[in-house]
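Reader: Can you walk me through this model? I'll ask as I go.

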Amino acid sequence: MNQSDQLAAMVFHAKSVLRNDVAGSGYHAGARQGGDREAAMLAVVAVALIGADGQVLMQRRPEGRQHGGLWEFPGGKVEPGESPHQAAARELTEELGVSVPLAALAPVTFAAHPEPPAGGRAVTLMLFAARDWQGVPRAIDAAEIGWFAPHDVPALTMPPLDYPLADGLIAWLGRGAA
């Protein structure tokens, strides 16, 4: 799949998630395979801040939280009424204290579980990249932050959906993406 096709698929998926909001909750309801029960889908954004030297900012989740101690791309839930771009910019301000223009957020890839975990929600995680921001990133809502060469990111201990995002970022950068 080429970059245009991948971007189109990601944008289509994100729009359908947001378009099918359940009563403004920010969640999409869809029937689980093999049953009539409904499962809520949670739309989440993540951002790869890429420094002038090509390194990628990652943050470590605080202990005591889900996936505590693991490295991840900064980001969070898309709130009701937000676009994925708006959510990504808001999350970077909240988590890192930086301001990113919406136009600086380039869609890269997305990852999703094929089926929600037992008793959980299906998560669709959309990755953006940004090379332009204002402010100095700091760990506001993280145990720590670190800068890594893109090819070193998949070797970090991360939540499951961050691995395909890291692979997608490397492929995107390899295609000479902006």
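Reader: What pattern does the protein follow along the sequence?

Author: Read from the start, the pattern is α-β-β-β-β-β-α-β-β-β-α. Helices (H or I, at least four residues) and strands (E, at least two) are DSSP runs, numbered from the N terminus.

Reader: And how many helices and strands does the protein have?

Author: There are 3 helices and 8 strands. This is a predicted model, in which local features need pLDDT of at least 70 and side-chain atom pairs count only at pLDDT 80 or more, while totals for chains, interfaces and linings use all residues. Residues are numbered from 1 along each chain as its sequence is written, and side-chain values use heavy atoms, with hydrogens and water left out.

Reader: Which order do the strands of the open sheet take?

Author: The order is β4-β3-β8, with antiparallel pairing. Two strands pair if DSSP finds at least two bridges between them. The edge strands are β4 (71-72) and β8 (144-148), each pairing on one side only.

Reader: How many bridges between β3 and β4?

Author: Strand β3 (residues 56-60) pairs with β4 over 2 bridges. Q59 has E72 in β4 as its bridge partner.

Reader: Switching to pockets. What volume does the largest pocket have?

Author: About 810 Å³. A pocket here is an open set of points on a 1 Å grid over the protein atoms alone, where a 1.4 Å probe fits, with protein on both sides within 12 Å along at least five of seven lines; lining residues have an atom within 4 Å of a point. Grid points are joined across faces, edges and corners, and the volume is the space filled by probe spheres set on the points.

Reader: Which residues lie nearest its centre?

Author: V44, R61, Q66, H67 and V123, out of 31 lining residues. β2 (38-49), β3, β5 (75-77), α2 (84-96) and β7 (122-130) each supply at least two residues of the lining. β2 gives the most, with 4 residues.

Reader: How do the lining residues divide into nonpolar, polar and charged?

Author: 14 nonpolar, 7 polar and 10 charged. Ala, Val, Leu, Ile, Met, Phe, Trp, Tyr, Cys and Pro count as nonpolar, Asp, Glu, Lys and Arg as charged, and the others, Gly among them, as polar.

Reader: Now A52: buried or exposed?

Author: A52 is exposed, with a relative accessible area of 94%. Exposed means over 50%, buried under 20%, and partly exposed in between (1.4 Å probe, protein chains only). A52 sits in the loop between β2 and β3.

Reader: Where is R131 relative to A52?

Author: Their C-alpha atoms are separated by 7.4 Å, with the two residues 79 apart along the chain.
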